[in-house]
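Work through the exercises below with the sequence and the model side by side, and try each task before reading its solution.

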Amino acid sequence: MSSPYREGPQLLLCPRCGEVLDRVFEGVAACPRCQGAWIAQATLDTAFGNPRWPVGQNLWWHNALECPECACEGTVTKMGARSSGDVMVDACVSHGLWLDQGELGRLIGLAAGADELLELQKRVTAVAPDPSELAQRRLAWRTELDTRRRAAAEFRGWVEKEQQRKAAEAAEHAKARALRDEAARREKKAQALAAQQAAAMRTQAETDRIVNLQALGEERIEIVKDLRRIDAEQAQHREDLYKLQGELEVAKQRLREIDAQLDTGEPKPK
Ligand SMILES: [Zn+2]
Ligand SMILES: [Zn+2]
């Protein structure tokens, strides 16, 4: 079984108290707060030569802790509880074991207070000896852990900024929408005013037309008066003409009488 410790850094969180686990050596991480230890399956195999170590009774009703490595892979796995002697072990079938402080010592028969992880390391290095490399890897892991924590902090900062940016953007959109609504409202009002104005202009045109007609009517009355006057004058002139014609006839008659007397030489007494 491959260990995730070989495949790049991952944050393992204590299944008991949630603290970030410290890597102790290859395949072993300890909680700086509650002092429990996470032991990867490969390390168990190496140290005890038995993937089923420690042998014990399954406590199927007891499954409170979650596997820290499954959590790294994005799944939640309740570990199975197993009772070995007076020790209760929490085991993930895929990844390894969780042991609370002192439990490993009791399982491998150490005196109380002995360094149980050092003892485990001795067992591992007896099978696969390279302590300097283990120390280097441990140091590199801590550096990597710092880097990851910084990256996580940066990421959290970015997320916060991004959220602020999106909130600002949303506010900007809301503002733009409000402006558009206002513009549409004004446009509508302007159209209504234009319609009112057009109606008023139609009314004015109608008034103008009526005034025009009145003026024409008055002009017509004047013209009719003129016509009557001209008619009257014409009648008068006609009468004068008749009178003049009459006078002309009388004058012509007298002329003829005078001419006749002149012809006869006899003046006719008047
Ligand atoms: Zn813890
Ligand atoms: Zn697991």
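The exercises that follow concern a predicted model, and they go from the whole chain to its metal sites and then to one helix.

**Exercise 1. Describe the secondary structure of the protein chain and how much of the chain is buried.**

Solution. Begin with the elements, which come to five helices and seven strands. Next, read them along the sequence, where they follow the pattern β-β-β-α-β-α-β-β-β-α-α-α. Then turn to burial: of the 270 residues of the protein chain, 23% count as buried. Finally, consider the surface, whose accessible area is about 19,100 Å², with 55% of it belonging to carbon and sulfur atoms.

**Exercise 2. Find the protein donors of the zinc ion (ligand 1) and decide what arrangement they form.**

Solution. The donor atoms are the SG atoms of C14, C17, C31 and C34, and they lie 2.2 to 2.3 Å from the zinc ion (ligand 1). Along the chain these donors are spaced C-x2-C-x13-C-x2-C. C14 belongs to the segment before β1 (22-25), whereas C34 sits in the loop between β2 (28-30) and β3 (37-40), so that the pair, 20 residues apart, links distant parts of the chain. For the geometry, four donors count as tetrahedral if all angles lie between 85 and 135 degrees; the angles here are 97 to 127°, and therefore the arrangement is tetrahedral.

**Exercise 3. Classify C14 and C34 as buried, partly exposed or exposed.**

Solution. The cut-offs needed are under 20% relative accessible area for buried and over 50% for exposed, with partly exposed in between. C14 has 4% relative accessibility and therefore counts as buried. C34 has 23% relative accessibility, so C34 counts as partly exposed.

**Exercise 4. Describe the site of the zinc ion (ligand 2) in the same steps.**

Solution. Its protein donors are C67 (SG), C70 (SG), C92 (SG) and H95 (ND1), at 2.0 to 2.4 Å from the zinc ion (ligand 2). In sequence, the spacing of these donor residues is C-x2-C-x21-C-x2-H. The four donor atoms make angles of 99 to 113° with one another, and the site is tetrahedral. Both C67 and C70 are buried.

**Exercise 5. Check whether the span of helix α4 (residues 116-127) agrees with its number of residues.**

Solution. The expected span is 1.5 Å times one less than the number of residues, and for the twelve residues of α4 this gives 16 Å. The end C-alpha atoms are 17 Å apart, which agrees with that expectation. At the start of α4, a side-chain oxygen of D115 comes to within 3.3 Å of the backbone nitrogen of L117. The buried residues in α4 include L117, L120 and V124.

Key. Residues are numbered from 1 along each chain as its sequence is written. Chains are lettered from A and ligands numbered from 1 in the order in which they are written. This is a predicted model: local features need pLDDT of at least 70, side-chain atom pairs count only at pLDDT 80 or more; totals for chains, interfaces and linings use all residues. Side-chain values use heavy atoms; hydrogens and water are left out. Helices (H or I, at least four residues) and strands (E, at least two) are DSSP runs, numbered from the N terminus. Buried means under 20% relative accessible area, exposed over 50%, partly exposed in between (1.4 Å probe, protein chains only). A polar contact is a pair of N or O atoms within 3.5 Å; within protein, one must be able to donate a hydrogen and the other to accept it, and residues adjacent in sequence count only if both atoms are side-chain atoms. Donors are N, O and S atoms within 2.8 Å of the metal (3.2 Å for Na, K and Ca); water is not among the atoms, so sites may look incomplete. Four donors count as tetrahedral if all angles lie between 85 and 135 degrees; four count as square planar and six as octahedral if opposite donors are over 155 degrees apart and all others between 65 and 115; anything else is irregular. Accessible areas come from the Shrake-Rupley method with a 1.4 Å probe; for residues, only the protein chains shown count as cover.
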